[in-house]
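This report describes how a few helices pack against one another in a predicted model. Please keep the sequence and the structure at hand while reading.

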Amino acid sequence: MSNQKLNTYLKEIADVCGIEKNLTFHIARHTFATTVTLSNGMPIETVSKLLGHSKIATTQIYAKVIERKVSEDMHRLRTHFNTIECQLT
């Protein structure tokens, strides 16, 4: 199946589901790698094989997205606790 045909199918699915974002094969692949697999604890080596990467370094790019998200979430939590601490004093 061509990328073009797959993107057409994804657009139809988005329309049916009321998704306004332009879905593409690239976005679907990235979401699968980050949200479905890595965020749920699948080993990066397994994800690499699933994506057909010949080098694990290619898959590590996806893992950096997850690390950044964790960092941002921790920063938000720290800010929240600091706000509570200030209110108590």
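The buried residues of helix H3 are covered by surroundings that include helix H2 (25–37) and helix H4 (56–88). Helix H3 itself spans residues 44–51, and its buried residues are Ile44, Val47, Ser48 and Leu51. Seen down the axis of H3, these buried residues fall within an arc of 105 degrees, so they line one face of the helix. An α-helix has 3.6 residues a turn, so residues three or four places apart point the same way. On the other side of H3, Lys49 and Leu50 are exposed. After the helix comes Gly52, which has a positive phi, near 80 degrees.

Two packed helices are described by the angle between their axes and the distance between the axes. The table gives these values for the three pairings.

| Helix pair | Angle between axes | Axis distance |
|---|---|---|
| H2 and H3 | about 155 degrees | 11 Å |
| H2 and H4 | roughly 60 degrees | within 9 Å |
| H3 and H4 | roughly 110 degrees | within 9 Å |

Taking H2 and H3 to begin with, their axes pack at an angle of about 155 degrees, and the two helices are therefore roughly antiparallel to each other, since angles over 145 degrees count as such. The crossing in which H2 passes H3 is right-handed. On the H2 side the contact is made by Arg29, Phe32, Ala33 and Thr37, and on the H3 side by Val47, Leu50 and Leu51. Sorted by class, the contact of H2 with H3 has five nonpolar residues, one polar residue and one charged residue. Leu50, which is exposed, is thus named among the H3 residues of this contact, as are Val47 and Leu51, which belong to the buried residues of H3.

For H2 and H4, the axes come within 9 Å and cross at roughly 60 degrees, and that makes H2 oblique to H4. This crossing, too, is right-handed. H2 contributes Arg29, His30, Ala33 and Thr34 to the contact, while H4 contributes Tyr62, Val65 and Ile66. The contact of H2 with H4 has, by class, four nonpolar, two polar and one charged residues. Arg29 and Ala33 of H2 are named in this contact and also in the contact of H2 with H3.

The axes of H3 and H4 cross at roughly 110 degrees, and the two helices are therefore roughly perpendicular to each other. Here Ile44, Glu45, Val47, Ser48 and Leu51 in H3 meet Ile56, Thr59, Gln60, Tyr62 and Ala63 in H4. The residues of this contact divide into six nonpolar, three polar and one charged. The H3 residues listed here include Ile44, Val47, Ser48 and Leu51, which are the buried residues of that helix.

Two threonines of H2 deserve a separate look. Is Thr37 buried or exposed? At 2% relative accessibility, Thr37 counts as buried, because the cut-off for buried is under 20%. Thr37 is placed in helix H2, and, leaving aside its neighbours within four places in sequence, Thr37 is in contact with Phe32, Met42 and Val47. Thr31, which also lies in helix H2, is partly exposed, with a relative accessible area of 35%. Although Thr31 and Tyr62 are 31 residues apart in sequence, their C-alpha atoms are 9.3 Å apart in space.

Definitions and conventions:
Residues are numbered from 1 along each chain as its sequence is written. This is a predicted model: local features need pLDDT of at least 70, side-chain atom pairs count only at pLDDT 80 or more; totals for chains, interfaces and linings use all residues. Side-chain values use heavy atoms; hydrogens and water are left out. Buried means under 20% relative accessible area, exposed over 50%, partly exposed in between (1.4 Å probe, protein chains only). Helices (H or I, at least four residues) and strands (E, at least two) are DSSP runs, numbered from the N terminus. The arc is that of the directions from the helix axis to the C-beta atoms. Contact means heavy atoms within 4.5 Å. Axes are lines fitted to C-alpha atoms, for helices over the stretch in contact, and angles run from 0 to 180 degrees between N-to-C directions. Angles under 35 degrees count as roughly parallel, over 145 as roughly antiparallel, 65 to 115 as roughly perpendicular and the rest as oblique. A crossing is left-handed if the near helix is turned anticlockwise from the far one by less than a right angle, and right-handed if clockwise. Ala, Val, Leu, Ile, Met, Phe, Trp, Tyr, Cys and Pro count as nonpolar, Asp, Glu, Lys and Arg as charged, and the others, Gly among them, as polar.
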